Every structure is written in structure tokens, then in C-alpha cells.
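User: I would like a close look at one part of this protein. Please keep it brisk.
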Amino acid sequence: MSYVDRVLNQLRERHGEQKEFMQAVEEVLESLRVVIDENEEEYSRLALLERLCIPERSVLFRVPWIDDKGQVQVNYGYRVQFNSAIGPYKGGLRFHPSVNLGIIKFLGFEQIFKNSLTGLPIGGGKGGSNFDPKGKSDREVMAFCQSFMTELWKHIGADTDVPAGDIGVGAREIGYLFGQYKRLSGVYEGVLTGKGLEFGGSLARKEATGYGLLYLTEEMLKCNGIDIEGKTVVVSGSGNVAIYAIEKALQLGAKPVTCSDSAGWIYDPEGIDLDLLKEIKEEKRARLTEYAAARPGAQYHEGRGVWQIPCDIALPCATQNELFPEDAEMLAANGCIAVAEGANMPTTREATKYLQEKGVLFCPGKASNAGGVATSALEMSQNSERISWSFEDVDNKLREIMINIFHNIDEASKKYGLEGDYVAGANIAGFLKVANAMKSQGVV
């Protein structure tokens, strides 16, 4: 039995119920076979894969807080510090009812390779809670965040672990979390990223993941002889990633025609009205039904369904496992030429394989959505130097990082005889840097 198969069997036996985590591990290790088989004796002797797939530390804690009716509520809190071989743990906090240990481990495992691909000195981690900020008052959100940080602060620090935002954790939540960290630790440091501009945040951080997604997509198309200008784009989601992917797509001359939220989705054949979308989602925090009500030519549909709209480019920007094999079939049949993931693992393994077999250019989230964490690392640099860069400086650095990521994964795929397989290229390029660092640092 090969080393890869042995490790996968061990993980399935111990963690088989953590479906998202196992999905991520299987996808990564399967695509790394060509590298691992070349070094099987050494990697096996060092138990490199076991150490890669088991977090360095996992923290599970309760989060008690009092709602506006005076009732005590209790949620679960998590922080998984997965790998620090190339730098302090870095990864977001997700507040959503679906959060459990398996999802946090999946996100943290993916973060190892994503952070490695940026070329910046940051390791992989992730955290969050099954708390849902939707429908909560500002006071309730503050109460929860302060309780959450009362435990978390013991485990993080500017040179140890630097969390950021994710689904359900925006500027409001980061502000409350940072205030409580400062209060408990007595230290003013860049321990969280995505902070407000008034207290150490970086310009372009809000836009970074969406912008970075388009910078990489544009480069991927260009290197395959395709111009992004004039292309029709289908986008899922309506959070930060989706909104700013739509904004940058418009700036590059493409036409995004869809967006979605947890209740339904919009098809606007004239192209998404960005100002209206921002007003509804960023200012009012309302549902997309309001978009359709204000825009006569737009169609609102309940449930899911954006992938049925004919397009040139598909950008899944909502959440994990939202693009299924039947969706991939519709995209390919309707002439889609490229899919780039804005969310973490939004495309199932079966759907990914189908798209690749049909010749659709496919870039995984660990590469294409790395712009957020890359800009978070740039925020860390600014905090360390006590300076603030201009929007243009940050945006230019982001664009350069995303272009470099594409070329690194492209070169890795070609080196191992897998040209055009950007999933394998991303996993290989991210893995080799981490593996070499782990070997250099001994058995730790």
C-alpha cells in the first residue's frame, strides 16, 4: 500500500465523520501523489503527511452570552492552528450556524496551501463559531464577540496567530473582537486583520478577495489566449467576495449578470447594478428581493440556480460545496470556458473533475481566492511598521501576488507533467514550500 493510501485510510478511520475535512484532504493528497511517490521513503520516515494533516493545536470552547431578552445563550467556539512551518497561523473566523470542527479543520487545512502560495510568511489556521450574527442587534453581536475573545485571546498574538474575518465576521465583528483583545491583553498590536482604517486596518482589504479573484482569472485567460473583456460572468454570493468580484469584473470590461444569497438569486441580463447591490447588501443588509423590486429588468428566483444561466466565466463566491456535477454539466453545455473559485471549496470533487475533463479552465480557491489573506498579510506588515500604504500601493501589490500565484501553479503543473491541471499545480506548489520548511525544522 502506498504512503498516500495508508495515511488516507488512517484519517478516514479517525475522522470519517468530518466530511468537509476529509473531502479537502483527499483532494489534496490525491493530486500530490506524483510528488509524494517520488519521495515516498523520506516522507514516510518523517511522517510528513501525518504531521501535515493533523493540526498542531485545536481549541474548542464554550461561548456564553446574554441576548436582549436577558436569556443566556451558549455557542461553540473553535480555533484550529494547523501549521506554522512558514509563519504564524493566519486564517479567518467564521460565524455561521453550519460551523463545526470538521468545517473549521477543512478551512484550516486549505489555508496552509493558500497561504504558502501567496509567497508571504504565514502559516495556516482557522476558527469560528456556530453563532449566527444575522438578525442580532449590535449589542448582542458585541456581547457574543467579547465572550468569544475572552477565551480566544490566550491563544493568539501578532507573532503567534493572527485571525481575520470570514463569513459572518465583517468590520463590526472585527472591531468588537479587537477591542476586547486590547482590553484583556493590555497590548495594542496587529493581532487581527480586517480592522477599521482608524485603528490599523489596510486600504483595499475589503475589496481584496474579489479583486484578487479577477486578477488571477484575467491572467489565467490571458495565458490561454483569451481576453476577459466582453465576457459574460455568472457569480454566486452577495457578500464581500461576490460584490468586489462583480466590481472588478465590470472594471475589466466583463458583464456579471447574477448574484445570490441564502434565500434566492438574481439574474439581470443588462448586467448587475453594482451601486444598487451595495446599497442593499452593505447598507441595508437586506435580501435580494429588494434588488428585483428596484430593477424592473431583473429576475428574482428562490433557492439556488445561478449556474443554469449561459456564461463564459463562472465565479462561485458563496460557500463550500455549492456547485454540483449537474451544475458543471449545465455550465459546460452552455459554453462556459472558465471557472475560478472565490469561496473555499465551493465546487465538489466530482464537479471539478467533470469541468476539467470537458476542457473548462478551472482554478481552485486556494489559489484564486488567496487575495484576501495576501492583503491581510500586507496589513500585518503595515501594522509592524506603524505605517499605512495607499489604496493604489496595496492594490498593485495584490495584483502582482495574484499574477505570480497563477504562474507558480501553472509552472508546477507543467513540471510534473500535468499541464493545465491548476488544481494539482496549486496543491504541489503550496505543498513543496511547506514540506521543505517542515523538514528543515525537525520533528516538531
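Which residues does isoleucine 266 touch, leaving out those up to four places away in sequence? Please set that residue in its surroundings.

Analyst: This is a predicted model. Leaving aside residues up to four places away in sequence, isoleucine 266 touches Val257, Thr258, Cys259, Ile272 and Leu288. Its other contacts are Tyr291, Ala292, Ala298, Gln299 and Tyr300.

Ile266 belongs to the largest nonpolar core, a set of 56 residues. It is among those with the most contacts inside that core. Tyr291, one of the residues that Ile266 touches, is also in that group. The others are Leu277, Leu315, Ala367, Ile405 and Ile409. Helix α9, residues 205-223, gives this core its largest share: eight residues. Apart from this core lies another one, of 42 residues. Its members include Ile36, Leu48, Val99 and Met438. As a rule, nonpolar side chains in soluble globular proteins tend to be buried together.

Now the backbone. Most residues other than glycine have a negative phi. Arginine 285 has a positive one, near 55 degrees. This residue sits in the loop between α11 (274-283) and α12 (289-294). Arg285 is exposed, since its relative accessible area is 56%, and the cut-off for exposed is over 50%.

Alanine 47 also has a positive phi, about 50 degrees, and is not a glycine. Its loop runs between α4 (40-45) and α5 (48-53). Ala47 is partly exposed, at a relative accessible area of 25%.

Definitions and conventions. Residues numbered from 1 in each chain as written. Predicted model: local features only at pLDDT ≥ 70, side-chain atom pairs only at ≥ 80, totals over all residues. Heavy atoms only, no water. Core = buried A, V, L, I, M, F, W, Y, C linked by side-chain atoms within 4.5 Å. Buried < 20%, exposed > 50% of the residue type's maximum accessible area, 1.4 Å probe, protein only. Helix = DSSP H or I, 4+ residues; strand = E, 2+ residues; numbered from the N terminus. Contact = heavy atoms within 4.5 Å.
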